[in-house]
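User: Could you take a close look at one part of this model for me, the packing around the first helix? I'd like one connected walk-through rather than a list.

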Amino acid sequence: MPNIKSAKKRVKVNKVKALANKSRNSELKTAIKKATLACETNAENKVEAVTYAIKRVDQACAKNLMHKNKAARKKSQLAKMLNA
């Protein structure tokens, strides 16, 4: 356990941020899975699912959860799936 006041605060802040990141990552993965499933089964809501997943990827990139090149690659894969 840290002894310095600022180190104690960092522990608290890191816990909160880790929880937020975990939640965002989980939501992102769920959106991508739903979009992939919608494209594979050729569901009628696949356009909305892919659009939502791309939005979530952009938000993850903005929050530094995902590298910008990985985000671009994932968006490209989703668009390719939608158009196939």
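Analyst: Let's settle one term before going in: contact here means heavy atoms within 4.5 Å. Also keep in mind that this is a predicted model.

With that cut-off, start at A31. Leaving aside residues up to four places away in sequence, A31 touches Y52, A53 and R56. A31 and A53 also turn up together in the largest nonpolar core, which has eight residues in all. The other members are A35, A38, C39, A49, V50 and L78. Two elements give two or more residues to this core, namely α1 (5–41) and α2 (46–62). Of these, α1 provides the largest share, with four residues. There's also a second, separate core of six residues, and among its members are L28, V57, A60 and M66.

Now for the other neighbour, helix α3, which covers residues 68–83. The axes of α1 and α3 sit 9 Å apart, and the two helices pack at an angle of about 25°. Angles under 35 degrees count as roughly parallel, so α1 is roughly parallel to α3. As for handedness, α1 passes α3 in a left-handed crossing.

Who actually meets whom there? From α1 you get I32, A35, T36 and C39, and from α3 they meet K74, L78, M81 and L82. Sorted by type, the residues of this contact come out as six nonpolar, one polar and one charged. Notice A35, C39 and L78: they are part of the α1–α3 contact, and they belong to the largest core as well.

M81 is worth a stop of its own. This residue lies in helix α3 and touches T36 and C39, again not counting residues up to four places away in sequence. Is M81 buried or exposed? Neither, quite: its relative accessible area is 29%, so M81 counts as partly exposed. Partly exposed is the range between under 20% for buried and over 50% for exposed. M81 and K46 are 35 residues apart in sequence, yet their C-alpha atoms are 9.9 Å apart in space.

For contrast, look at the other end of the scale with N3, in the segment before α1. N3 has 71% relative accessibility and therefore counts as exposed. C-alpha to C-alpha, N3 and R73 are 44 Å apart in space, with their positions 70 residues apart in sequence.

Definitions and conventions: Residues numbered from 1 in each chain as written. Predicted model: local features only at pLDDT ≥ 70, side-chain atom pairs only at ≥ 80, totals over all residues. Heavy atoms only, no water. Core = buried A, V, L, I, M, F, W, Y, C linked by side-chain atoms within 4.5 Å. Buried < 20%, exposed > 50% of the residue type's maximum accessible area, 1.4 Å probe, protein only. Axes fitted to C-alpha atoms, helices over the stretch in contact; angles between N-to-C directions. Parallel < 35°, antiparallel > 145°, perpendicular 65-115°, else oblique. Left-handed = near helix turned anticlockwise from the far one by under 90°. Nonpolar A, V, L, I, M, F, W, Y, C, P; charged D, E, K, R; others polar.
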